[in-house]
Structure formats: structure tokens, C-alpha cells
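Dear colleague,

Please find below the structure that I am handing over to you. A short account of what was found in it follows.

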Amino acid sequence: METQILDGKQTAREIRSELKEQIQDCIRKGMPAPCLAVILVGHDEASKVYVNNKEKACGWIGMKSLVCRMPAETTQEELLAKVQELNEDPGVNGILVQLPLPRHLDADLVINAIDPAKDVDGFHPVNAGKLSIGHRDAFVSCTPAGVVQLLKRAGVEIASKHCVIAGRSNIVGKPLALLMLRENATVTVCHSKTKDLSELTRQADIFIAAVGRPKMFGPEDIREGAVVVDVGMHRLEDGLCGDVDYEACMGRASYMTPVPGGVGPMTIAMLLSNCVQAYKAQLGTRS
Ligand SMILES: Nc1nc2c(c(=O)[nH]1)N[C@@H](CN(C=O)c1ccc(C(=O)N[C@@H](CCC(=O)O)C(=O)O)cc1)CN2
């Protein structure tokens, strides 16, 4: 079987150009450029790469970015004070705190402190709760939103399909299950306590791997012709890979996302989209 690549880089490029147009329209009408504030605490190397990618992406679409780099020793109080300062800054439309935080910091406490109207990661309980009851004005977390956009823009049918998600994290697995339900898929969520995991993944029309274990899934775990989406991101000695053995599944899956170049760039594209959504909503309340 020929496997079609779900090209996240190209799709993210298309989304960025749509957002750039929207921002230029707003600026032509006299509105200020939108601004995304990113807080990076400590020196996690991968986080530095991701924050740099976010900063670059903002520049590409005409969005301002404010990167607050804070030392690893930052206290909970100092971090909460920074979040509050950004909440109160009318020039800041979106706020995110890059995860993971250093171990001594409570991420939930920090996320709860972000104004839900500026929570462009979609992690705040208000936004997560709104998603769970179908409110469409909530910010949806970027990776799940990116997966759905990648599938829809590639013309992959989701409605009535059996979608199996391996992984139940708060930032990917759980919101992704809700989004796929919203798209009328039949959703199965697997996790570390699931028995006969392979029996379930082989039943999937759409299999989404989000377990955080390099190359955990191979051709024996997917049905011939399944759509395979790999949310994993691992830096091994021979380069980046995902949760799926990409080369081994080539020729068995009908569609597959590469790592890198699949879900990752879509995560950033959807972050930009959320920030433009926040910007427009805030301008609407101010006009
Ligand atoms: N506050 C947040 N923290 C984290 C999030 C998030 O959504 N919000 N998600 C991940 C990291 N992440 C975004 O921050 C992220 C990971 C990977 C990529 C990406 O574009 N990957 C590229 C390869 C990049 C490289 O060269 O290493 C790809 O897959 O092609 C973007 C964003 C955890 N933290």
C-alpha cells in the first residue's frame, strides 16, 4: 500500500499565511499588532528550541512576541507575580508558560493563575472544562487542535471512524479524545493499565500515538490502511523520532505523520491561531 505523508510543515505554513493576512487586515484598520508572551523558566534545552521556534513563528506572521526568560531558581511567588503582570498588561493578548517547569514549581498553580481569556495553550481548567461540555469559545490545547486540523486539511474522514488514542495526558490525550468525539469519531482511549493494547490499536481506523515512548508502536500494532498520527517527540542519538516506528509502518498505513515535520509544526501553528483568536476577542471587548 502507498502511504501518504501528513505534511505538518506545509500545512502549518498554510495556516501561518492565513493568520498573517488576518493580522494585516486588523493593522490596516488601525489596530495594534497582537502580542504573545512566553515565560521560559530554567534552561531545558528542548524547551529553548521550542520557544525559539515560537518566537520565529510570531515574527513570520507579524505578531509581537515577549519572551520572559527566568532563572531555574525562580520561586513560585516570582513566577506567579510575572503571570499576574502579563495578565494585567493590555498589550499582551496571549500568555503561555513553557512546560516542563523546574521540579520545585507547581505547574497547575501557575496555569490556574493565567487569565483564561489569555490562556492560548488551552490548559486552564476553565478552557479544559468548556471543551469537555462542547463550548466552542474555549481555547483548545495546541497539539490536539493541530492533529484535527492536519487530518481535516488532508481530507481524512473522521466522522464515524474508530479512533484509538494511546495516551491520556491532560495536554494531549484527554483533549484530543474530546475533539475527536466532537468530530463524531468513535473514540477509544488507551493507557498504561490497558490490557491487550495491540488488540485495540489494530482495530483503529485512525490511530494516534501519544504515550511518550520512542518507537513503541510498529506495523504489528496497526491495521493495514489505518491513518497513523504520531504525537511523540524523542531526541535519540541518531536523531528525532516519535512513538511510532515510522519506517517500519511505511507501506502499511494509508496516511502517516513524520517526526519531525508532522504534529510538531502544527502545535505552533495552532498556538498562533489561538493567540489571534484571543487578540480578536479582546479587541472586540475594547471596541
Ligand atoms: N506551554 C507548553 N509547553 C509545552 C507544549 C505546549 O503545547 N505548551 N508542548 C510541548 C512542546 N512543544 C511546544 O511547546 C513543541 C514540541 C515540538 C515542536 C516542533 O515543532 N517539533 C519539530 C522538531 C523541533 C526540533 O527540531 O526539535 C517537529 O516535530 O517537526 C513544537 C512545539 C511540551 N511543552
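The protein, seen here as a predicted model, is divided into domain 1, residues 30-115, and domain 2, residues 142-263. The centres of domain 1 and domain 2, taken over C-alpha atoms, are separated by 28 Å.

An unreviewed UniProt entry carries the annotation "domain: Tetrahydrofolate dehydrogenase/cyclohydrolase catalytic" for residues 6-121. Over residues 6-121, helix accounts for 49% of the chain and strand for 16%. The end C-alpha atoms of residues 6-121 lie 23 Å apart.

I should like to draw your attention to helix H2, which comprises the 17 residues 45-61. At 1.5 Å a residue, H2 should span 24 Å, and the 25 Å between its end C-alpha atoms agrees with this.

Which residues of H2 are buried? They are Ser47, Val51, Lys54, Ala57, Cys58 and Ile61. These buried residues cover an arc of only 120° around the axis, and therefore lie on the same side of H2. The general background is that an α-helix has 3.6 residues a turn, so residues three or four places apart point the same way. On the other side of H2, Glu45 and Gly59 are exposed.

Both ends of the helix also deserve a note. At the N-terminal end of H2, aspartate 44 acts as a cap, with a side-chain oxygen 3.3 Å from the backbone nitrogen of alanine 46. Just after H2, glycine 62 adopts a positive phi of about 85°.

Yours sincerely

Terms used
Residues are numbered from 1 along each chain as its sequence is written. This is a predicted model: local features need pLDDT of at least 70, side-chain atom pairs count only at pLDDT 80 or more; totals for chains, interfaces and linings use all residues. Side-chain values use heavy atoms; hydrogens and water are left out. Helices (H or I, at least four residues) and strands (E, at least two) are DSSP runs, numbered from the N terminus. The expected span of a helix is 1.5 Å times one less than its number of residues. Buried means under 20% relative accessible area, exposed over 50%, partly exposed in between (1.4 Å probe, protein chains only). The arc is that of the directions from the helix axis to the C-beta atoms. A polar contact is a pair of N or O atoms within 3.5 Å; within protein, one must be able to donate a hydrogen and the other to accept it, and residues adjacent in sequence count only if both atoms are side-chain atoms. Domain bounds come from an automatic or database domain assignment. UniProt positions are given in the numbering used here, feature names are shortened, and annotations may be inferred rather than shown by experiment.
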